[in-house]
Amino acid sequence: MKRAIILRGLPGSGKSFWVNEFLSALPPEMAGQVRAHGLFSTDSFFMRDGEYHFDVAKLSEYHQRNLAGFIAALGRGEPLVICDNTNLAHWEFLAYETAATALGYEVEKVLIGNPADRRHQTLCAERNSHGVPLAAIRRMARAFEP
């Protein structure tokens with residue numbers, strides 16, 4: 001069975017940690033296949049020499065490139081495809097979900113943490129690796145659509 005997982009959560013909520021834990025529970029060959037051909041995160045486009053370099057001017061382009069890669073993986077029939085983005089509003093993951101469903105994938109949305117919880121927001125601000133401040137985390141939390 002083909003499966004697509006769409007992660008949702010604030011920056012610093014633990015989405016990438018969840019992916020690593022999830023993949024470590026798979027047989028090593030399958031985990032390697034997913035890492036190489038089925039794991040898609042817009043953040044990966046901002047990585048240069050192991051460091052994150054955010055550029056708001058590139059955000060839209062990188063989201064489109066991430067979606068295109070995800071759809072290409074679905075088209076190749078990868079057995080497991082994962083979208084590791086914040087996906088706080090429905091419109092942010094609708095194209096991922098629609099493409100996966102259209103290509104016969106079971107779609108699972110996984111929410112990491114509770115965006116409405118102020119303690120969770122504070123924790124996310126403290127531990128996110130991209131320097132997103134608490135005020136921005138709180139704005140993102142208000143935009144969350146259950």
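**A walk from a loop to a helix**

Let's start at Asn87, which you'll find in the loop between strand β5 (80–84) and helix α4 (90–102). Keep in mind as you look around that this is a predicted model. What is the phi of Asn87 near? It is near 50°, a positive value, and Asn87 isn't a glycine. That's worth a pause, because most residues other than glycine have a negative phi. Asn87 is also tucked away: with a relative accessible area of 2%, it is buried.

Now hop over to another loop, the one between β3 (47–48) and β4 (51–52), where Asp49 has its place. Here again we meet a residue other than glycine with a positive phi, and for Asp49 the value is near 50°. Is Asp49 buried or exposed? It's exposed, with a relative accessible area of 83%, whereas Asn87 is buried at 2%.

Next, the cysteines. How many disulfides does a search of the whole structure find? Zero. Take Cys83, which is in no disulfide: the nearest cysteine sulfur belongs to Cys124 and lies 17 Å away. Come at it from the other end and the story holds, since the closest cysteine sulfur to that of Cys124 is the one in Cys83, and 17 Å is too far for a bond. To count as a disulfide, the two sulfur atoms would have to be within 2.5 Å. As for their surroundings, Cys83 has 0% relative accessibility and so counts as buried. Cys124 also comes in at 0%, so Cys124 counts as buried too.

Cys124 leads us nicely to helix α5, which covers residues 118–127 and has His120, Gln121 and Cys124 as its buried residues. Why do these line one face of the helix? Look down the axis of α5 and you'll see that the buried residues fall within an arc of 100°, so they line one face. What do they pack against? Their partner is α6 (134–143).

Turn the helix around and the picture flips. The face of α5 pointing away from the buried side carries Arg118, Arg119 and Glu126, which are exposed. Arg119 has one more part to play, this time through its backbone. At the start of α5, a side-chain oxygen of Asp117 comes to within 2.7 Å of the backbone nitrogen of Arg119.

So that's the tour: two loop residues with positive phi, Asn87 and Asp49, then the cysteines without a disulfide, and finally α5, with its buried residues packed against α6.

Notes:
Residues numbered from 1 in each chain as written. Predicted model: local features only at pLDDT ≥ 70, side-chain atom pairs only at ≥ 80, totals over all residues. Heavy atoms only, no water. Buried < 20%, exposed > 50% of the residue type's maximum accessible area, 1.4 Å probe, protein only. Helix = DSSP H or I, 4+ residues; strand = E, 2+ residues; numbered from the N terminus. Arc of directions from axis to C-beta. Contact = heavy atoms within 4.5 Å. Polar contact = N/O pair within 3.5 Å; in protein donor to acceptor, adjacent residues only side chain to side chain.
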